[in-house]
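Let's take a walk through this fold, one piece at a time. Keep the viewer open as you read.

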Amino acid sequence: MSVSVKVVEILSPEELRRTLRRLASEIVERTRDLSKLVLIGIYTRGVPLADLLASQIEGLENVKVAVGALDITFYRDDLDQIGLRTPAKTSIPFDLTGKTVVLVDDVIFKGRTARAALNAVNEYGRPEVIRLAVLVDRGHRQVPIHPDFTGKQLPTAAEEIVKVYLQETDGKDGVELIED
């Protein structure tokens, strides 16, 4: 008996580019002082997404945005269940005190990654405000966290998988829903 896996394209490469432009515009609109804006990508795909958003913002406003990378592995509340996956790769070479920090991730599911990121950010200063930008919100929260900027709302079944592909990490752009 073979198992059939269904793959549905959610965002094409062009739709992904348009979504990132819109997210960048929304971040600009909701940020009073762009000189205080910092984007922090959450490993793995949040990091190139933060870079892409920073490029979009620079193109829109001619302002260079500081970008950092955050590895939340040691802040997870399920580390005992998932095991140590990677060494710490955090790179935030600047103080976050007084900044408008936008955490960037590819998919929000249960909310635990975002919760861990909130804990981790506090080790790098006391931001004025912390916001969350995600490419895809698939629902099923286990903690009361809601993104401030969402590229795509995507109702899913818990067992489905949302896969984000980025040129920088995967050699192609797009978002797919994988159904068993």
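Start with strand 2 and its partner: L39 has V102 in strand 4 as its bridge partner. That belongs to a parallel pairing between strand 2 and strand 4 (residues 100-108), made over 5 bridges. Pairing here needs at least two DSSP bridges between the strands. Strands themselves are DSSP runs of E with at least two residues, helices are H or I runs of at least four, and both are numbered from the N terminus.

A word on what you're looking at: this is a predicted model, with local features needing pLDDT of at least 70 and side-chain atom pairs counting only at pLDDT 80 or more, while totals for chains, interfaces and linings use all residues. Residues are numbered from 1 along each chain as its sequence is written, and side-chain values use heavy atoms, leaving out hydrogens and water.

Strand 2 also pairs with strand 3 (residues 66-70), again in the parallel sense and over 5 bridges. There, G41 sits opposite A69. To get between these two strands, follow helix 2 (residues 46-61): strand 2, helix 2 and strand 3 make a right-handed β-α-β unit. Right-handed means that, with the strands pointing away from you, the path from the first strand over the helix to the second runs clockwise.

So how buried is strand 2 (residues 37-42)? 6 of its 6 residues are buried, so the strand is largely enclosed by the rest of the structure. Buried means under 20% relative accessible area, with a 1.4 Å probe and protein chains only (exposed is over 50%, partly exposed in between). L37, L39 and G41 point one way, V38, I40 and I42 the other, and all are buried.

Now for another sheet. Here 3 strands form an open, antiparallel sheet in the order 1-8-7. Its edges are strand 1 (6-11) and strand 7 (161-165), each pairing on one side only. Strand 7 meets strand 8 (residues 174-179) over 5 antiparallel bridges, and Y165 has G174 as its bridge partner in strand 8. Helix 1 (residues 13-29) packs on this sheet, touching strand 1, strand 7 and strand 8; contact means heavy atoms within 4.5 Å.

Helix 1 also packs against helix 2, at about 65 degrees with axes 9 Å apart. Axes are lines fitted to C-alpha atoms, for helices over the stretch in contact, and angles run from 0 to 180 degrees between N-to-C directions. The two helices are therefore roughly perpendicular, a label covering 65 to 115 degrees. Among the contact residues are L20 and L23 of helix 1 and L49 and L52 of helix 2.

Methods:
Angles under 35 degrees count as roughly parallel, over 145 as roughly antiparallel, 65 to 115 as roughly perpendicular and the rest as oblique.
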